[in-house]
Every structure is written in C-alpha cells, then in structure tokens.
Amino acid sequence: MAHWQKSLISAALLLVMLVFGYRQTLAPEVRSDSDLDYSALKQHVAVIAEKPHPMGSAANRENRDYIVAYFESLGLETEVQKTTVVYRHPTRQNHATVIGNVENIIARLPGRSGGGADGANDLVLMGHYDSKPLTPGAGDDASTTAAIMETARIMAAGPAPSHDVIFLITDGEERGLLGAQGFFRQHPAAKHVGLVLNFEARGSYGASNMFETSRDNAWLIDGLIESTPDLLASSLSYEIYRRMPNDTDMSISKGEGIPGLNFAFVAGLFDYHAMTDSVENLDVNTLAHQANYVLATTQYFASLDDWQSAKGEPTYFNLWRGTLVSYSQGLAVVFGLLVLLLGVWLFASALRAGTVAWGSTGTGVLGVFIIFLMIFSLFETLIAYQQKADAGIMRLTSLGEWPFLAYFMTTLGFTLWFANRLKQGLNKVDIFVPTLVLVLLNLLAGRDSAIAFVPPLLLIPLKVIVSKRISRPDLWTAAIWIWGLLTVLVLYFATNASYIFVWPLASVLLGIAVQRSLPGTNGGATRFVSLLVFSFIPLLLLPPIYILFYLALGLGLPQVLMILCALSLLLIWPLIRSIGSGTDGKAGLLIFIAGLVMTVVVVFGRGFDTRHPRGEELFYAIDVDQQKGFWVSSDARPGSWLDEFMGDGATSANITRIMPGYDQDVLIRESALPVYKAATLTVDSDHLSNGTREISMHLQTTTTGEYINLLFPTDAGITAAAVNGFPVRVDGSPQTGSSESTTPPTESWWRWRWYGLPEEGADIVIKLEAGRPLPVKIVEVSYGMPGGAPARPVNSMSKPYSWSDSTVIFQTIMLE
Ligand SMILES: [Zn+2]
C-alpha cells in the first residue's frame with residue numbers, strides 16, 4: 001500500500017470514530033413510537049419556565065398551583081406538603097446553616113396492592129419545580145416536571161400498576177435539597193417508598209444519562225436495560241460521581257437508605273443556572289429523550305412485581321446509545337486479570353523473540369512522560385490564562401465541545417510530531433526550545449507561582465537522559481505498559497470502571513497476537529487491515545467518554561484529559577503513526593500547528609452575543625443602620641455600560657465597608673434612598689433560666705421571592721437554637737463550604753440562610769450564655785431593583801450565583 005493511502009484511511013477512521021462518538025453524546029431524534037404528547041410537554045415547560053421561579057417567589061407559587069391543578073384534573077389524590085426544613089447533609093458536615101419553608105407537590109396513583117400498603121412498596125418519581133433565582137430553569141428542572149406531568153396523564157388513563165406511584169415534585173432543591181429533606185425525613189408516606197427515580201439537568205442539550213444508582217443495583221440495571229429506549233448509562237460515571245461533592249435530591253433519599261436511579265443531561269453548561277436556560281434554548285430532542293426515560297422507567301418499575309430480584313453491583317456500559325453491556329463485578333475481575341496475563345505473556349514471548357527489549361521499553365516510558373509533561377504544561381498554562389482572563393472560563397463554556405476538538409487536534413499533532421523526534425534522537429533544539437517556549441507561555445499567562453515552572457524545567461534533564469540512551473524509545477510498548485498499570489489500579493480501586501481500560505487493552509493485545517501469526521513477508525495490506533480492526537474497540541469506547549468527561553467535568557481540567565488522550569493515541573500507536581506515514585513527522589507538525597491555531601481561535605475568538613450573553617452583576621443595597629442606598633457591582637469594566645452607569649461618583653471598595661460580615665471587591669455608588677420595608681425581628685420573651693439566656697423572637701418580612709440571611713457573631717456564646725420548633729445545629733465554627741457561591745461571608749459570623757419565609761413569619765429561639773449582648777445582622781435579598789436601574793444591552797445577562805438584579809436590605813438589631 002502507498003503511504004498516502006494508509007495515511008488517508010487511518011485519518012478517516014479516526015475522524016469517523018470521533019464523529020460517531022460525539023453523536024453518541026447527543027440526544028437521539030424524537031421517537032415516534034412513544035405515548036408522549038410532545039407538544040403538551042413543551043407547553044408545560046413554556047409555562048413553568050416563563051421566568052425565574054426560585055423557592056418562595058410569587059412565580060413559584062403560580063407554578064405550584066398550575067401543577068397541582070393539572071394533577072387534580074387527572075383525578076389524582078394531590079397534596080401540598082408545607083413544612084420547615086433545617087438542612088442536614090447525609091454525609092457531609094459543616095455546610096452553612098440553611099433553613100427553608102418548603103412546599104412539595106405530592107400526587108398519588110394507587111397501585112393494585114392498594115394505597116399505603118405496608119412495607120416499602122411505593123415508587124417515587126421525582127423532579128424539582130423551583131429554579132435558581134436568575135434563570136428560567138427550562139432544562140433544570142422544568143423539563144422533568146413536564147415529563148412527570150405527561151407520565152402521570154398517560155399512567156392515570158391506563159391500567160393500575162402493581163405499585164403505588166407517588167409523583168413527587170420537590171421545592172427548594174436549588175437551595176440545598178430542602179424539599180427532598182422535607183419529604184423523606186418528615187412525610188409519613190416516605191417510609192413506604194421502596195424505589196426513587198430522580199431526573200435532573202445541568203445544561204440545555206445532549207443525551208440524558210443514567211449516572212447514579214444506589215448500592216446493590218443489579219436489579220435496577222437489569223430493569224433499565226429491559227425497559228428504557230436509547231439508554232445511555234455506565235458504571236464508570238457512577239464510580240466518578242460518587243467520588244464528587246455534587247448533589248441532587250437523590251442524595252437525600254439515598255441517605256435514607258432508599259434504592260434509586262438518577263438521570264441527567266449535561267451538555268450546554270453555559271446555560272446551567274443562567275438566564276439562557278429558556279424554553280427556546282432547550283433542545284427538543286433532549287427534552288423528548290429525558291421524558292421517554294421518565295415514562296419508560298416509571299411504567300416498567302411500577303409494574304414490576306419483584307423488586308430487589310438481583311443483588312450485586314455489575315459493570316455496565318454502552319457499546320453505543322441504546323445498546324448496553326452488563327456483567328457482574330466478579331466477571332469484570334476475571335476479564336481484567338485474563339487480559340493482564342495475556343499482556344505479560346505476549347511481552348515475555350516478544351522479549352524471547354527479540355522484537356521488544358527492556359532497554360527500549362524503558363526509554364519509551366521516559367519518552368511517553370516527556371510527551372505527557374509537555375502536554376500538561378501547555379494546557380495547564382492555557383487554562384490558567386483562561387481563568388484569569390476577562391469573564392473567566394464562561395467564554396469557553398459558551399463554545400460547547402469545540403474547545404475539546406481544538407485541544408484534541410493539538411494533542412494528536414504534537415504526539416505524532418514529537419514521537420517522530422524521539423525516534424530520530426533528540427538534538428539540542430528539541431531539548432531546550434520547547435522548555436523555553438513553555439516557560440515563556442507561563443510568563444505571558446502571568447503565572448507567578450514557582451510550581452508552574454517545574455514541568456517545563458523538568459523536561460530538560462529527562463530529554464538529556466533520553467538523548468544519551470543507546471536504545472531508541474519504543475513508545476508503543478511503553479504506552480501498553482502504562483495502560484496495563486492503570487488497568488491494575490482501576491481494577492483494584494474501582495472495578496466497575498475498569499472496562500474502559502480492559503477492553504481497549506484486550507483489543508490491542510489480540511491485534512498484536514494476530515499480527516504475530518501473520519506471514520512476515522507479504523502481509524503489508526493484511527497487517528494494515530488488522531491494525532484498523534484492533535483499533536476499533538478503543539475508538540468505539542473512548543471518544544464518547546472523553547467528550548462527556550470534558551462536558552461534565554473537564555472544562556477546567558483539559559491538561560488531565562489531554563494526557564489521557566495522548567496515552568490512548570499511543571495505545572493504538574501503529575494506526576496513529578500511519579496518519580503521518582512517510583512524512584517524516586511533518587504531518588504531525590502540521591496537525592499540531594492547525595490545532596494550536598484552532599485553540600487560539602477558541603480561546604480568544606468568541607465574544608459575547610445575544611445567545612451567549614456575559615453574566616454581569618448589578619444590585620441595589622440599602623443600609624438601614626446608616627439610612628443610605630448604594631448601587632453595587634463587582635463586574636464594572638472600564639468603558640462598559642455598567643461603568644458608565646456607575647459613573648464618576650463610584651468608588652472601588654470592599655463590600656465589607658458597607659456590609660460588615662461580607663467580603664468582596666466591588667464598585668459602589670451612593671444614591672438616594674428609595675422607599676423600602678425591612679424585615680422585622682421582634683422579641684416575644686427574653687429571660688434567664690439556669691444561668692442561660694433564652695430569647696424567643698419572631699421574624700417577618702413583606703418582600704417576596706426572597707431569601708434572608710441572619711448573621712450571629714461566632715463568639716456570641718450561643719449554645720442552642722431552634723426555628724419553628726426544629727433544632728438548628730450549633731457548633732460555633734465559622735460557616736464554610738456553602739452550596740451556593742454568593743458573596744462569601746467573613747469568618748467571624750455564623751450565617752443562617754433562610755428561604756421561602758412565609759407571610760406569617762417564623763419563630764426563632766436562641767439560647768446563649770447569660771450577660772452577653774447579641775447583635776443580629778439581617779440581610780434580605782428580594783429580586784428586582786428600584787427605579788433608575790439601567791436596561792441591559794442584549795449581550796449581557798444577570799450574573800448567575802450573585803445578588804444581581806436584586807435589592808439587598810441589611811440592618812443590625814442589637815439584643816442587649
Ligand atoms: Zn436541578
């Protein structure tokens with residue numbers, strides 16, 4: 001075969017498999033064989049996500065009434081559970097104190113066994129109806145609410161299932177899983193729940209994935225495979241997710257020991273919790289995909305008589321969307337060990353035959369590490385620059401998967417090119433110039449930590465060693481060794497994730513075994529074809545995982561992901577090498593340069609526009625103590641509309657100057673105080689008992705759609721607290737690790753965040769050491785600003801996770 005033919009065919013295979021992998025991460029075309037009414041689905045989303053509807057807001061109450069009326073129209077027994085919840089995470093301590101007055105929507109479809117039967121026989125289908133404050137929340141989680149409404153309609157019209165189905169639409173998920181805590185810890189129906197299906201969203205498009213299960217999930221996985229169309233699921237995502245700090249409502253039911261399955265779509269992170277998470281931007285295929293999951297899983301498990309039929313935790317993964325493979329964990333260990341044995345045997349016999357050698361493999365390992373270090377350093381510098389740059393990585397998120405493609409091309413080209421340099425023997429230019437370039441890039445990116453310069457400088461001694469070695473580096477054998485070692489580690493620490501290492505390795509090793517048995521002389525074309533075949537499994541399994549990894553968590557970690565990509569390319573090195581066949585490394589250099597150009601375009605290219613507006617913060621602060629009002633922004637760049645609006649009278653300051661207890665650099669301008677009504681904290685009783693001062697108070701506010709922060713000094717000597725009779729944990733430590741990144745409080749204050757305070761207010765009891773005064777700071781946030789707020793340009797939106805577009809009223813109440 002001619003070089004160009006090999007080049008072309010290898011490049012085409014890589015490209016086709018990348019595109020195929022990418023398409024796996026997208027939602028499939030809308031199914032026509034479903035009972036779902038897609039236009040009704042979209043209509044529900046349009047109503048619920050018309051505007052932001054955070055817990056406690058008027059918009060959320062309207063949505064509550066809309067959903068309740070719908071369930072009632074289906075003839076379902078429907079209730080609104082109103083209760084007070086004091087946040088408690090099932091496993092993690094030291095979260096901020098969060099209190100919420102939630103309103104959960106609960107509708108019941110009785111099963112054949114009769115409602116409220118003993119034992120844990122009921123199925124809960126769960127989603128949340130509240131949104132974050134500055135987003136319409138079409139994907140998150142109106143999509144699920146709509147799907148649950150549609151599922152209820154279809155199931156209420158059909159035959160009764162064997163199990164009771166509880167349609168649970170929670171409130172206050174966004175404020176710390178508050179509704180789920182109210183239901184699973186307080187509602188009498190919770191103790192009869194035997195299975196939870198939870199649906200979530202973290203973006204606006206892409207296929208929905210089943211990413212989390214409870215323990216002993218074999219029966220759940222069997223059921224999923226049996227029931228769910230176009231299914232995407234993997235035991236890898238479960239292994240990753242359970243090591244992460246992320247939460248959904250299912251964390252609560254799982255914490256209560258209830259089995260469950262958890263689904264979400266994650267592509268389109270830009271829209272997550274942003275004003276752009278609107279019905280117009282929600283992909284119709286994604287909405288349909290998620291809704292079909294909701295319907296299929298609920299119908300299936302509600303009719304399945306024998307829950308918990310299989311024990312154990314299997315390995316499961318997609319060959320492609322809709323086709324899932326599953327086998328037991330024990331078998332996963334057997335497969336892993338067999339493949340490792342095959343590898344050792346092949347290596348040993350190759351040693352005897354003289355086709356591999358320890359020396360060249362060792363030099364190869366050094367060579368692979370040199371490639372890793374260069375890729376790591378390059379992308380780490382890039383992302384460090386990006387994070388410091390204007391608007392941080394928001395611009396990157398607005399580009400979806402494109403940055404991944406640019407980074408991948410850079411990595412592919414670099415690996416191809418530098419592997420060739422390593423084979424030729426490194427000269428002085430190879431040894432010193434890349435280090436100089438990487439150091440220079442670090443300086444340009446403004447990185448000043450010494451540690452940033454370690455990887456580039458480490459390259460010099462490594463390269464000198466490699467250049468002095470007599471044996472030329474065998475990168476392929478080295479990569480297989482490294483891959484094998486990773487297989488051992490993953491097999492040991494996360495067995496059900498090992499498939500992503502085991503099957504690509506098996507494929508490559510089998511390929512080697514087959515090639516060895518081919519006749520040495522006239523096998524040119526046959527050899528090449530066998531190359532294509534054994535590269536197929538890695539190219540089938542890995543690209544969708546890497547793309548999903550990038551979308552779900554790799555955005556800020558391209559350096560780690562690209563090292564994995566480089567290692568994967570080296571694992572199928574004979575195929576990748578064929579791409580540059582006969583070009584003496586020039587093809588690699590060309591791809592590398594093209595990738596770099598693309599990366600530069602990605603990093604510097606996109607500005608903000610109407611589809612991807614810049615998140616900018618502007619809020620109004622009222623200082624009741626001083627009787628002053630301020631416009632405040634942490635985002636006013638010189639020359640911007642915000643800068644113009646703030647004007648010459650604005651000063652840069654730390655917000656703590658006007659709001660003691662908070663800490664952030666902002667631009668502030670004083671302005672005439674508008675009419676306002678602040679929350680009241682009235683003392684009902686204040687007395688001493690057994691040397692302890694006990695204060696009973698009533699907190700009330702007239703603002704709506706708000707939340708309230710109460711701040712107490714951490715050294716006030718508070719020994720006990722309760723709200724509406726529910727105890728609040730007092731540990732005296734400063735509040736850190738909040739689930740919400742609004743303006744951080746300084747450490748000397750113990751902060752309560754209170755959501756959805758009802759009109760009638762709430763009762764608070766505080767006990768503290770006698771003879772101590774108690775200053776209480778109240779910070780109220782209500783959405784909307786006083787008159788005089790400027791209109792935003794079309795390429796600007798409220799900044800997610802901020803006090804943007806709100807009026808913040810703060811006051812100090814001294815309880816002497
Ligand atoms: Zn959500």
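# A guided tour from loop to zinc site

Begin by selecting N724, which lies in the loop between strand 18 (718-723) and strand 19 (726-728). Strands here are DSSP runs of E with at least two residues, helices are runs of H or I with at least four residues, and both are numbered from the N terminus. The model is predicted, so local features need pLDDT of at least 70, side-chain atom pairs count only at pLDDT 80 or more, and totals for chains, interfaces and linings use all residues. Residues are numbered from 1 along each chain as its sequence is written, and side-chain values use heavy atoms, with hydrogens and water left out.

**Two loop residues**

Phi of N724 is near 45°, a positive value in a residue other than glycine. At 32% relative accessibility, N724 counts as partly exposed; buried means under 20% relative accessible area, exposed means over 50%, and partly exposed lies in between (1.4 Å probe, protein chains only).

Next, select Q627, in the loop between strand 11 (619-623) and strand 12 (628-633). Q627, a residue other than glycine, likewise has a positive phi, near 55°. With a relative accessibility of 45%, Q627 is partly exposed.

**The zinc ion**

Now select the zinc ion together with H128, D140 and E200. Which atoms coordinate the zinc ion? They are NE2 of H128, OD of D140 and two OE entries of E200, at 1.9 to 2.6 Å. Donors are N, O and S atoms within 2.8 Å of the metal (3.2 Å for Na, K and Ca); water is not among the atoms, so sites may look incomplete.

The angles among the four donor atoms run from 53 to 144°, and the site is irregular. Four donors count as tetrahedral if all angles lie between 85 and 135 degrees; four count as square planar and six as octahedral if opposite donors are over 155 degrees apart and all others between 65 and 115; anything else is irregular.

Along the sequence, the donor residues follow the spacing H-x11-D-x59-E. The pair D140 and E200 links distant parts of the chain: D140 is in helix 4 (residues 138-157) and E200 is in strand 5 (residues 193-201), 60 residues apart. Are D140 and E200 buried or exposed? Both are buried.

Stay at D140 and select D141, which is also found in helix 4. The peptide bond from D140 to D141 is cis, with omega near 5°.

**An enclosed helix**

Select residues 558-571, which form helix 19. Why is helix 19 described as largely enclosed by the rest of the structure? Twelve of its 14 residues are buried, so the rest of the structure largely encloses it. Among the buried residues are P558, C565 and L571.

The 14 residues of helix 19, at 1.5 Å a residue, should span 20 Å, and the end C-alpha atoms are 20 Å apart, which agrees. The expected span is 1.5 Å times one less than the number of residues.

**Two distances to draw**

Select G206 in strand 6 (residues 205-213). G206 is buried, with a relative accessible area of 2%. Draw a line from its C-alpha atom to that of T410: the two residues are 25 Å apart in space and 204 residues apart in sequence.

Finally, select R516 in helix 17 (residues 499-517). R516 is partly exposed, at 39% relative accessibility. The C-alpha atoms of R516 and D230 are separated by 39 Å, and the residues are 286 apart along the chain.
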